[in-house]
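Colleague: Got a minute? I'm new to this one and would like a quick tour.

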Amino acid sequence: MEKNIEISLLFDFYGQLLKEQQQQTVTLYYNDDLSLSEIATQLNITRQGVRDSIKRAENLLYSYEEKLGLLKRFQETEKGLYKIENLALKLVDRYDENTVQQIIDTVKSLHE
């Protein structure tokens with residue numbers, strides 16, 4: 001996965017755990033696509049300070065994911081839902097509505 005996308009996704013899950021300045025720098029850098037210099041000017045800190053803040057935030061985001069695995073679980077759930085959707089579409093194409101409803105009811109009863 002491309003790093004920018006990965007960081008944005010990790011930020012969606014764990015961004016609130018970062019310090020406010022780290023949240024700002026990550027948002028401005030990854031979501032608003034500002035340069036380090038532009039962020040430094042906007043936040044009234046040095047360019048190096050921006051870079052350090054982003055790097056610390058990235059490390060924290062990766063650390064949270066390693067410990068909690070929310071992004072990985074989310075992605076696995078999405079893959080599973082995609083598979084279920086495809087199977088459901090095949091059922092609709094193959095069977096009549098009553099048979100599909102019976103299959104749905106059977107699956108629901110297994111989950112209860």
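Colleague: Is Glu 58 buried or exposed?

Modeller: Glu 58 counts as buried, because its relative accessibility is 4%. Buried means under 20% relative accessible area, exposed means over 50%, and partly exposed is in between, with a 1.4 Å probe and protein chains only. Bear in mind that this is a predicted model, where local features need pLDDT of at least 70 and side-chain atom pairs count only at pLDDT 80 or more, while totals for chains, interfaces and linings use all residues. Residues are numbered from 1 along each chain as its sequence is written, and side-chain values use heavy atoms, with hydrogens and water left out.

Colleague: OK, and which residues are linked with Glu 58 in a network of salt bridges?

Modeller: Lys 3 and Lys 55 are linked with Glu 58 in that network. A salt bridge here is a side-chain nitrogen of Lys or Arg within 4 Å of a carboxyl oxygen of Asp or Glu. Lys 3 and Glu 58 meet at 3.2 Å, N to O. That pair links distant parts of the chain, with Lys 3 in helix α1 and Glu 58 in helix α4, 55 residues apart. Helices are DSSP runs of H or I with at least four residues, numbered from the N terminus.

Colleague: And Lys 55, where does that lie?

Modeller: Lys 55 shares helix α4 with Glu 58, 3 residues away, about one turn of the helix. Their side chains meet at 3.3 Å, N to O. Lys 55 is partly exposed, because its relative accessibility is 32%.

Colleague: Switching topic: how many aromatic pairs are there?

Modeller: The count comes to 4. Rings of Phe, Tyr and Trp (its six-membered ring) pair if their centres lie within 6.5 Å; planes under 30 degrees apart count as stacked, over 60 as edge-to-face and the rest as tilted. The rings of Tyr 14 and Tyr 64 have centres 5.9 Å apart and planes at 45°, so that pair is tilted. Tyr 14 is in helix α1 and Tyr 64 in helix α4, so the pair ties together parts 50 residues apart in sequence.

Colleague: Which residues do ring pairs link into a cluster?

Modeller: Phe 13, Tyr 14, Tyr 64 and Phe 74.

Colleague: Last one: which residues does Leu 61 touch?

Modeller: Leaving out residues up to four places away in sequence, Leu 61 touches Ile 7, Leu 10, Phe 11, Tyr 14, Gly 15 and Leu 18. Contact means heavy atoms within 4.5 Å.

Conventions:
Helices (H or I, at least four residues) and strands (E, at least two) are DSSP runs, numbered from the N terminus.
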